[in-house]
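Work through the exercises below with the sequence and the model at hand. Each task is followed by a solution in steps.

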Amino acid sequence: MSQKNMTFEASMQRLEQIVRTMERGEAELEESLKLFQEGTELIRSCGNMLENAKLQVSKITVDTNGAPVEEEFPHEL
Amino acid sequence: MLQFWHIDWVINNMEQQIISISQINDYIRSRMDADPLLSQIAVRGEISNYKMYPSGHHYFTLKDEDASLKCVMFKGNAVRLRFRPENGMKVIALGRITVYPRDGAFQLYCASMSPDGIGDLHVAFEQLKAKLATQGLFNQEHKKPIPRFPQIIALITSSAGAAVHDMLRILNKRYPLTKVLLLPVRVQGVEAPLEIASAIQFANRHNLADVLIVGRGGGSIEDLWAFNDERVAYAIYHSQIPIISAVGHEPDVTISDYVADLRAATPSNAAELVVPDQSTLLQSMDGALSAMISALQRQIQNNTQRLQVLSGSSVMQNPAFFYETKEKVLTILTGRLLSAQQKCLNHAEQQYIALVAKLDAMSPLKVMARGYSITEDSSGKLLRSIYDVQIGDEITVSLQDGTITASVINQKENGL
């Protein structure tokens, strides 16, 4: 999965996995360097995700078929 | 207080008039009903022998250490009880006292009743809590974990109160990556419990969110009462989506708090519990970065050390020793190689001799020995046709033993 499409959760989990692998010190040096690069890219993309995010808010109403409908909910953040 | 005229009345009439039981009971009743104190009285006592009849009427006895009082509460009043009276419970019963003529006994006709010392809602709360605890609704094994990074959070609360805006503000500050769906419900009044329970079921039926926050801001115990309703408790219990209960202020504890997967002290607190804080996340990313850097440094250091250890080994210290043994092997191998090569060469030589013999047989010299010659023009070009030369051209004819230089006198096709 390319990092751009990864959810924040998946990115954080991958980052934790990378740190664990590197801390065990079992990987070859070359592999560790690759992991390090992947890790720093994950940190950058997670940081960007947080920085650019704005809370999405909707109100749910029920249509005539009993299905949920999303409506705008006026709010200030 | 003994009133003498009563006694007089009884003595005076004893001989003169004999009356029936009904009459005397009616008389006593009318006397008691005339007493304003008995028509509106509050009695404190402990309930015993409590019976609910199918008719809906409740019968019980109130007692203290020395005395007891029969009581009845008719259906119309009993349905308004906000708690379930139980034997041994200390209560204050309000009503009137009069005679029940059939039994010739006076009793308290109870209009309302409340627990003594604590409120009736409190008792109702304890009773429902005990009931649901027995049914296992609060058991730890039913508690679902709250997802660490929820992508969709549904808020089941009033769209009007401050609570919802507090939650949105905190959610945006802490973790703006999430999406929030508001399922507006009434959070107080008689319709509230059903609306809250239905919203929980609706969210589950349409799998609307990763986690639900069910709650409201602070208020009186009556205001919060919807969250002590059995229907809400069962809806929370049956939810497949994890639920955080967030009702009132810190000290308020409701039944929904006990059933929910997680209790938040307030709605704001729920918003804090449901998502990670981005400042913490950024910190942990920093932590991850330094952990990676130090892991990498450690690894490089380890590799350097390993290199030093290796260069300190006997091979590196005394390379001649390493080569000496290798050299012996090399000598043996070289000997073998040479002899193999020799064999190979011998074989090749024989083949070469045979080949040369074959070539010799095909040599033009041998052909010329049989009487053939080779004719070339003055530039040494081999003649293959009479038209390769013109009359008067000088040509060279090679024979077995030498060459003749001649000139072309005539050209004649052989008609082939």
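Buried means under 20% relative accessible area, exposed means over 50%, and partly exposed lies in between. The model to which these terms are applied here is predicted.

**Exercise 1. State how many disulfides the structure holds, and examine Cys71(B) and Cys46(A).**

Step 1. Cys71(B) has a relative accessible area of 2%, so this residue is buried.
Step 2. The cysteine sulfur closest to that of Cys71(B) belongs to Cys110(B), at 6.4 Å.
Step 3. A disulfide requires two cysteine sulfur atoms within 2.5 Å. The distance of 6.4 Å between the sulfurs of Cys71(B) and Cys110(B) is therefore too far for a bond.
Step 4. Cys46(A) is also a buried residue, with a relative accessible area of 0%.
Step 5. Over all chains, the count of disulfides is zero.

**Exercise 2. Locate Asn49(B) and Asn207(B), give phi for each, and classify each by accessibility.**

Step 1. Asn49(B) sits in strand S1 of chain B, which covers residues 41-52. Its phi is near 55°, a positive value in a residue other than glycine.
Step 2. The relative accessibility of Asn49(B) is 46%, so the residue counts as partly exposed.
Step 3. Asn207(B) lies in a loop of chain B, between helix H7 (192-205) and strand S8 (211-216). Phi of Asn207(B) is near 40°, again positive in a residue that is not glycine.
Step 4. With 58% relative accessibility, Asn207(B) counts as exposed.

**Exercise 3. Describe the largest nonpolar core and the contacts of Ile213(B).**

Step 1. The largest nonpolar core has 42 residues. Those with the most contacts inside it are Phe8(A), Leu155(B), Ile213(B) and Met285(B).
Step 2. Helix H11 of chain B (residues 278-311) gives the most to this core, namely seven residues.
Step 3. Leaving out residues up to four places away in sequence, Ile213(B) touches several residues, including Ile153(B), Leu155(B), Met167(B), Ile244(B) and Val274(B).
Step 4. Another core, of 36 residues, lies apart from the largest one; among its members are Ile60(A), Ala209(B), Leu212(B) and Ala260(B).

**Exercise 4. Summarise chain B by secondary structure, burial, contacts and surface.**

Step 1. Chain B contains 14 helices and 13 strands.
Step 2. Of the 416 residues in chain B, 34% are buried.
Step 3. Among contacts in chain B with a separation of 6 or more, 60% join residues 24 or more positions apart.
Step 4. The accessible surface of chain B is about 25900 Å², and carbon and sulfur atoms account for 56% of it.

Notes
Residues numbered from 1 in each chain as written. Chains lettered and ligands numbered in written order. Predicted model: local features only at pLDDT ≥ 70, side-chain atom pairs only at ≥ 80, totals over all residues. Heavy atoms only, no water. Helix = DSSP H or I, 4+ residues; strand = E, 2+ residues; numbered from the N terminus. Buried < 20%, exposed > 50% of the residue type's maximum accessible area, 1.4 Å probe, protein only. Contact = heavy atoms within 4.5 Å. Areas by Shrake-Rupley, 256 points an atom, 1.4 Å probe, with all protein chains shown as cover. Core = buried A, V, L, I, M, F, W, Y, C linked by side-chain atoms within 4.5 Å.
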